[in-house]
Every structure is written in C-alpha cells, then in structure tokens.
Amino acid sequence: DDVPTVSAAELVAGRRAYELDRRHVFHSWSAQAGLAPMTITKAEGCYVWDGEGSRLLDFSSQMVNTNIGHQHPRVVAAIVEQAQKLCTIAPSHVNDARSEAARLISERTPGDLDKVFFTNGGAEAVEHAVRMARLHTGRRKVLSRYRSYHGGTDTAVNITGDPRRWANDYGDAGVVHFFGPFLYRSRFYADTQEQECERALAHLDEVVAMEGPGQIAAIILESVPGTAGIMVPPPGYLRGVREICDRHGIVFIADEVMSGFGRTGRWFAIEHAQGGDGESDPVVPDLITFAKGVNSGYVPLGGVAISAEIAASFDERTYPGGLTYSGHPLATAAAVATITTMAEEGIVENAARVGAEVIGPGLAELARRHPSVGEVRGIGMFWAIELVRDRATREPLAPYGGTSESMNTVVAECKRLGLLPFANYNRIHAVPPLIITDEQARAGLAILDEALEVADRSR
Ligand code: PLP
C-alpha cells in the first residue's frame, strides 16, 4: 500500500487536540462526562487515521456525507482557488460559484425544480422547506414519518421521527407522525412488500383524512430514510404519496439530505421511483432538501430545490427568510467541483455497481452466516445491517433509542479490526465513500464478518 502514515509530530498534535477537546468542546447529542471521542489525525480517499496513527477504512463516510472520499484533490484545489479569489460576499450579491452550483443542482433535480435556496446544512434546509410549504399553502400542519431524521434545529427535530425528538417536543410544533413502509418491523400487518406498500398508503390516506386535508401544508419524508434504518420504499410508495399530495393540494417535500448526490446509485434517491425504464414518468416532489453529499461536506452547505409553482408564490411577495452564508462562495465552489468530478469520474455509477455487485451480495452472505443478523437492506452505497438477539422475535440487539453492551462491543471490534462503521441503536450501516473499489469493499466486508462473530456470541 502506498498510503501515507501518520508522523510523530501529527500524533503529538492529535494528543493535544484530544486534551483540549475534553476540556473545551461541548459535543452533540451526548452526556458530556465519560465521552471518549476518536481523534482523526489524517484522512485520504476511503481511509482515516486515528489518534494512535492506525488506519481505518471509513465505512461511515463520517456523517454519510463524504461521498467523494476524503481530501479529493480537485475539490481541495477548488476551495483554495476560490479562497484566493473571493472568500465571502453577502447573499444579495451574485457570485459565479453560487450561480454555477445552482445550475448544476437544478440540472440534476427532477421536473421543474429549477430554483435553489442555499443554506448551511440539512436542518436549515428542512426549516426553510417547511416555511415555504406553509407560506405557499397558507396551512400549518406537517406530516412526517416515524423512524426518520430531519435535523437538530427546533422545527427539524420536531419533524424528526426518532427518539431525539422526545426531549425537544413541547407538543405545539404542528407536526403529526405516520408510519411509512417498513416490512421487517411491520410483519403483523403485511407479509409482502406489495401489501406493506398498500398498508402504508392506506394508513397515510387515513391520517390525512383525520387531520383535515385543508390543514396540512406538507408531507415530508426521506426518499430512502437513512439514519433511522435505510428502509428502501417498496415500488409504488413514493408515487402513492405524490398522488395523496396532489389530491389535497399538499406540498410533497423529499428530504434527500442523506440520500441525495449519488448515495443510492442515482443523483437523487427519488429517481428510483421512476417508470420501469428508469427514465420516463418520474415522481417529482415540490421541494427537495439537500446537504451533505452536495459538496461531500468539505464546507458546510445545504439547500432547497424549489418547483416553479412554489417559487412563483414568492414572485410578488417577499420570502421572509435568509442566512448570512446562503450560497457561501467556498461552499458552493466545493459543490461545483464535487458535482463536476462525480460526473466526470463516474462516481455515481461506481456507487450503483459496487453496491449491486459487491456490498449487497456480500452483506446477504453475512446475513446467511450470522444468526445475529436479522435483516440487511439497502441500495447503492446505502446499507443497513439490523442486529437482533433472536431472529424469530426480531428483538433488537440494542433497544430503540438506546445502546447496549453487545452493540458497543461489536462497534469496538470493527474499529479494532480497522473499520469505522456508522452505528445507530441496533444497526450497523455500511455507507462508505462512493469512490470505494471492489477490493476495499471486500476488505470492509471481511472485517464485518469477523466483528459479527462477536455479535453472534453476545446475543
Ligand atoms: N435530513 C436528513 C435526511 C438527514 O440525514 C440529516 C442529517 O443527518 C439532516 C436532515 C440534518 O442535516 P444537518 O445535520 O446538516 O443539519
């Protein structure tokens, strides 16, 4: 391997960073005492190096955002070049990086979503999409899925359908949750994906009727829910949601913060809901929220892609919202370089191919061999392994919203063997950078295979 190693000076700097972190940095979603965060001293491609200088294969893409891999030279160069030219301007002024990023994004979004409002990340994108939907419809309620994640700010966390909402929910957010399709944990109601799709659409139809269609501004969902478990929707579900929205004048917001920009093997996950030939008859949401993969997280960036109709809603009246850093030059220059590079280097196609040929079949094989694996599911470079104590009862290896000694041991074993996974409750997600090679993917699978021995034993 001609990959770099960590120098003694870098290790010393890493140790100092750790000490300062524990003294001064307040961490997200955590009780602060007893935290032992991993130091990253270096990163390149699909690898990161920890505080001891050990190399780990990054099967997390950090926050499922480093789609193009770490330190891609073309993106780094674009940021440097933009910094030398123009670091910051007010959002009211035009700049070439932002204009070009908006064009590249609009060209990839389906239908007439040809206007882009830029934010600094995913939660802000969700905040603004909801605000646009409420102003456009004059209605207040928002429907969103249980088992979803939409961000950590006030509105976004209340829309979120996972336990992180609980402590932030004061009951007045105008948000109502519903059950999306999830056959594995919906087995008392449906036996097949077709039945599950039918059940989920009938349920949503009924929630809309009970909540008052004339009160509902938006239905928001992740085209493929990510953090909550990578539940690829059955064929027909997203089209069915589109139809329910059309029937009642409800805005359909597809949250593609995690699933967008190649993660599923397409630019946007909603493209998988297209007609049989994969091209015709697209399902077109009214708003798409994006962030993360748009520039692989090199500089904070997110946004909302807006349909012609909703954009026109603000032709004659002011859109009451904005951000100092909306369309920041460094962030949008990174987006231009990321999207261009991904297109020129066939990175989205690589995600689709390695997912279909190596990771998908490899995980299916692990599921056959390890009794701790309840289900593997996913698409492209977006995979979840659901760990259970008992395959028959499907009792999770860690409780919903919590951790367990067993799960902690499995994750620790992955790291010890040189793999950095994305773990959440009872799941391990295999979500590496989209540039991963067949060989690297196989190396990651071999480590998971070994770590799952620990899961099998600790059930
Ligand atoms: N929406 C989805 C689907 C996400 O996965 C996330 C983050 O994981 C967010 C919104 C929030 O994005 P951010 O953390 O950039 O605010």
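**A colleague's note on the ligand shell, the domains and two helix pairs**

1. A good place to start is the ligand. In this predicted model, 16 residues lie around the ligand, and those that come nearest are Gly 121, Gly 122, Ala 123, Gly 151 and Val 257.

2. Which element gives the most to that shell? Helix H5, residues 122–137, does so with three residues. By class, the shell around the ligand holds seven nonpolar residues, seven polar ones and two charged ones.

3. On to the overall layout. The domain assignment splits the protein chain into domain 1, made of 8–71 + 346–457, and domain 2, which covers 74–344. Taken over C-alpha atoms, the centres of the two domains are 25 Å apart.

4. The two domains also touch: 30 residues of domain 1 are in contact with 29 residues of domain 2. On the side of domain 1 that touches domain 2, the elements giving two or more residues are helix H2 (61–64), helix H11 (347–369) and strands E11 (373–379), E12 (382–390) and E16 (427–430). H11 has the largest share of that side, with five residues. The class make-up of this side of domain 1 is 15 nonpolar, 11 polar and four charged residues.

5. H11 deserves a second look for its packing with helix H13 (residues 438–457). The axes of H11 and H13 are 10 Å apart, at an angle of about 15°. An angle under 35 degrees counts as roughly parallel, so H11 and H13 are roughly parallel to each other. The crossing of H11 with H13 is right-handed.

6. Who meets whom here? From H11 come Val 354, Val 358, Ile 359, Gly 362 and Leu 366, and they meet Asp 438, Ala 441, Arg 442, Leu 445, Leu 448, Asp 449 and Leu 452 in H13. By class, this contact of H11 with H13 has eight nonpolar residues, one polar and three charged.

7. Now for the other helix pair, H3 (residues 73–85) and H10 (residues 329–344). How do they run, roughly parallel or roughly antiparallel? Their axes come within 8 Å and cross at roughly 150°. Angles over 145 degrees count as roughly antiparallel, and H3 and H10 are therefore roughly antiparallel to each other. Their crossing is right-handed.

8. H3 brings Arg 74, Val 75, Ala 78, Ile 79, Gln 82 and Ala 83 to the contact, while H10 brings Pro 329, Leu 330, Ala 333, Ala 334, Val 336, Ala 337, Thr 338 and Thr 341. The contact of H3 with H10 divides into 10 nonpolar residues, three polar and one charged.

Methods. Residues numbered from 1 in each chain as written. Predicted model: local features only at pLDDT ≥ 70, side-chain atom pairs only at ≥ 80, totals over all residues. Near = placed C-beta within 6 Å. Helix = DSSP H or I, 4+ residues; strand = E, 2+ residues; numbered from the N terminus. Nonpolar A, V, L, I, M, F, W, Y, C, P; charged D, E, K, R; others polar. Domains from an automatic or database assignment. Contact = placed C-beta atoms within 7 Å. Axes fitted to C-alpha atoms, helices over the stretch in contact; angles between N-to-C directions. Parallel < 35°, antiparallel > 145°, perpendicular 65-115°, else oblique. Left-handed = near helix turned anticlockwise from the far one by under 90°.
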